[in-house]
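Hi everyone, thanks for coming. Please take a moment with the picture, and then we'll walk through a few parts of it together.

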Amino acid sequence: MQKTSKQTIITINERTYIINAFKGLKGWSYLPRLTKYIFPFVGFIFNQDSTDDDVIATLVSLLSGENAKEVEQLIIEMISDVNVDGSRIDFDTEFTQNYDALLKLVVEVLKLNYQDSFQRLVTASTSE
């Protein structure tokens with residue numbers, strides 16, 4: 001995996017995905033829904049001992065809960081700008097029988113866009 005501050009290139013199941021950081025307003029607009037539906041999940045992103053399997057299991061539980069439709073829509077929106085083979089993702093073709101790639105991709109989108117900010121906020125709040 002290659003990462004710059006504004007982009008991550010990751011290979012999942014022999015497919016290479018380019019994840020671009022959200023622009024300010026777009027990333028900010030996701031925060032209310034992220035904190036409502038996915039905030040408990042975000043803790044896994046910061047836990048260096050968590051495996052991909054742990055993270056994916058937690059995400060799967062979110063998708064089967066009472067807010068499953070809202071979480072599903074948020075995930076679709078968040079990865080809609082990810083590129084593969086020079087084009088935006090076509091969900092129907094890219095993720096047919098490839099749902100583990102979808103879940104891993106969501107984790108990488110969250111890491112790129114929110115991990116550093118949340119870590120700075122946690123560090124700032126614990127140092128006060």
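I'll talk about a hairpin, then some aromatic rings, and then an internal space. Please keep in mind that this is a predicted model.

Let's start with strand 2, which runs over residues 7–12. Which of its residues sit on the covered face? They are T8, I10 and I12, while Q7, I9 and T11 make up the uncovered face. If you are new to strands, here is the background: in a regular strand the side chains alternate between the two faces of the sheet.

Now look at the partner. Strand 3, residues 15–20, pairs with strand 2 in the antiparallel sense, and the pairing covers six bridges. One residue to follow across is T11, whose bridge partner in strand 3 is T16. Between the two strands the hairpin has two residues, and N13 takes a positive phi near 50 degrees in this hairpin.

On to the rings. How many aromatic pairs does the structure hold? There are three. You can also find one aromatic cluster, formed by F22, Y30 and Y114.

F22 brings us to the last stop, as it is also among the residues lining the second largest cavity. Rolling a probe the size of a water molecule over the atoms shows where empty space is left. Here the count is two cavities of 30 Å³ or more, and the second largest holds about 30 Å³ of space. Alongside F22, its lining has I19, N20, M78, D81, V82 and V109. By type, that lining splits into five nonpolar residues, one polar and one charged.

That's my tour, and I'm happy to go back to any part of it.

Methods: Residues are numbered from 1 along each chain as its sequence is written. This is a predicted model: local features need pLDDT of at least 70, side-chain atom pairs count only at pLDDT 80 or more; totals for chains, interfaces and linings use all residues. Side-chain values use heavy atoms; hydrogens and water are left out. Buried means under 20% relative accessible area, exposed over 50%, partly exposed in between (1.4 Å probe, protein chains only). Helices (H or I, at least four residues) and strands (E, at least two) are DSSP runs, numbered from the N terminus. Two strands pair if DSSP finds at least two bridges between them. Rings of Phe, Tyr and Trp (its six-membered ring) pair if their centres lie within 6.5 Å; planes under 30 degrees apart count as stacked, over 60 as edge-to-face and the rest as tilted. On a 1 Å grid over the protein atoms alone, a cavity is a set of points where a 1.4 Å probe fits but cannot get out, and a pocket is an open set with protein on both sides within 12 Å along at least five of seven lines; lining residues have an atom within 4 Å of a point. Grid points are joined across faces, edges and corners, and a volume is the space filled by probe spheres set on the points. Ala, Val, Leu, Ile, Met, Phe, Trp, Tyr, Cys and Pro count as nonpolar, Asp, Glu, Lys and Arg as charged, and the others, Gly among them, as polar.
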